[in-house]
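User: I am new to this structure and would like to go through it by question and answer. Please show it first, and then we can begin.

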Amino acid sequence: MPSIRASRFRSIAAVSAAAAVLVIPACGGGEQPELHSRVDIPGSAHVAPHWDYDAEGPDHWADLDRDYLACKSGHQQSPIDLPSHARLEPSEHITVDYHSVPELALVNNGHTVQANLPADNGNRIVVDGTPFDLAQFHFHLPSEHTVDGAGATMEVHFVHKSAAGKSAVLGVLMQATPDPSAFDPILAFAPQAVDAEITVTGPVDLRALLPGVVDQFRYQGSLTTPPCSEGVSWTVLGNPVPVAAADADRYRTLFAHSNRPTQPLNGRTVTLAGG
Ligand SMILES: [Zn+2]
């Protein structure tokens with residue numbers, strides 16, 4: 001049973017809001033928080049604006065910042081409604097090579113609870129022959145993707161990066177159950193305060209977080225959070241995994257809802273591959 005080893009708070013105050021901005025992408029933008037230096041010109045300093053799922057929600061993201069324009073003008077956006085009758089392409093299945101990790105750093109970044117993995121943790125997926133290393137995973141409530149219009153209680157996104165800097169996300173729908181689930185040791189320790197970080201010592205077996213049957217929906221999409229960048233290779237597993245209803249209820253107290261609505265397909269092809 002994993003346990004909390006330490007708790008600490010990030011020092012956001014040390015980052016000058018005018019000179020730099022702390023960017024913690026929720027969906028594939030990078031494996032670790034990145035510091036992007038900005039030119040500090042009085043009156044024109046550019047700081048990534050606040051966004052949320054309410055007053056400054058998905059319908060307004062593109063209006064908040066010019067860097068978020070893809071949220072409105074993009075044509076390959078995520079999430080989408082997945083058609084169960086998607087074209088079968090058994091040979092297109094991705095390889096999921098997950099195992100145990102010694103610890104996870106759970107961060108509440110104000111949008112989600114994100115589990116950052118140690119560098120070179122060895123977990124990866126292989127998409128069309130290209131390896132993508134697992135950097136982090138995080139949660140949405142309710143699910144962002146739907147299947148034939150039906151959503152799930154939650155969704156977990158495993159975010160990977162290739163050596164060339166491309167993103168590939170593995171999405172897994174999470175359906176509430178009265179019983180305990182493999183997510184208990186993670187969600188039970190979800191930091192409640194924004195910017196709080198908690199280290200969960202494992203081992204945590206990431207394979208336990210995946211369903212046994214791994215039919216895979218695949219399509220080309222985007223980050224589901226600002227800046228909504230496209231060019232993301234998406235795989236969403238066709239079967240959900242259980243999440244304890246108590247964990248989902250607790251997560252709901254942190255983030256009442258954190259799902260971008262499904263986006264138009266715009267002619268994209270969704271395929272269904274076997275595992
Ligand atoms: Zn996500």
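Analyst: Contact here means heavy atoms within 4.5 Å. Please keep in mind throughout that this is a predicted model.

User: With which residues is Phe139 in contact, leaving aside its neighbours within four places in sequence?

Analyst: Phe139 belongs to the largest nonpolar core, which has 39 residues, and is one of the five members, with Phe137, Phe158, Met174 and Leu206, that touch the most other members. Once its neighbours within four places in sequence are left aside, the residues in contact with Phe139 are Thr112, Val113, Met154, Glu155, Val156, Met174, Phe183, Ile186, Leu187, Tyr251 and Ser258.

User: How many residues are in the other core that lies apart from it?

Analyst: In soluble globular proteins, nonpolar side chains tend to be buried together. Apart from the core that holds Phe139 lies another, whose members include Leu82, Ala86, Leu223 and Trp234, and its size is 13 residues.

User: Is Arg218 buried or exposed?

Analyst: Arg218 is found in strand E15, which runs over residues 216–222. Buried means under 20% relative accessible area, and because Arg218 has 7% relative accessibility, it counts as buried.

User: Which side chain does a polar contact of 3.0 Å join to that of Arg218?

Analyst: Leaving aside neighbours within four places in sequence, Arg218 is in contact with several residues, among them Glu92, Val127, Asp128, Trp234 and Thr271. Among these residues, the one whose side chain is joined to that of Arg218 by the 3.0 Å polar contact is Asp128.

User: Which residue forms a disulfide with Cys71, and how far apart are the sulfur atoms?

Analyst: The count of disulfides comes to one. The sulfur atoms of the pair, Cys71 and its partner Cys228, are 2.0 Å apart.

User: How many residues apart are Cys71 and Cys228?

Analyst: Both Cys71 and Cys228 are buried, and their link is right-handed, with 90° about the S-S bond. The disulfide links distant parts of the chain, as Cys71 is in helix H2 (residues 70–73) and Cys228 is in the loop between E15 and strand E16 (230–237), and the two residues are apart by 157 residues.

User: What percentage of the residues of the chain count as buried?

Analyst: The chain contains four helices and 18 strands, and it exposes about 12000 Å², of which carbon and sulfur atoms supply 54%. Of its 275 residues, the share that count as buried is 49%.

Definitions and conventions
Residues numbered from 1 in each chain as written. Predicted model: local features only at pLDDT ≥ 70, side-chain atom pairs only at ≥ 80, totals over all residues. Heavy atoms only, no water. Buried < 20%, exposed > 50% of the residue type's maximum accessible area, 1.4 Å probe, protein only. Polar contact = N/O pair within 3.5 Å; in protein donor to acceptor, adjacent residues only side chain to side chain. Disulfide = S-S within 2.5 Å. Core = buried A, V, L, I, M, F, W, Y, C linked by side-chain atoms within 4.5 Å. Areas by Shrake-Rupley, 256 points an atom, 1.4 Å probe, with all protein chains shown as cover.
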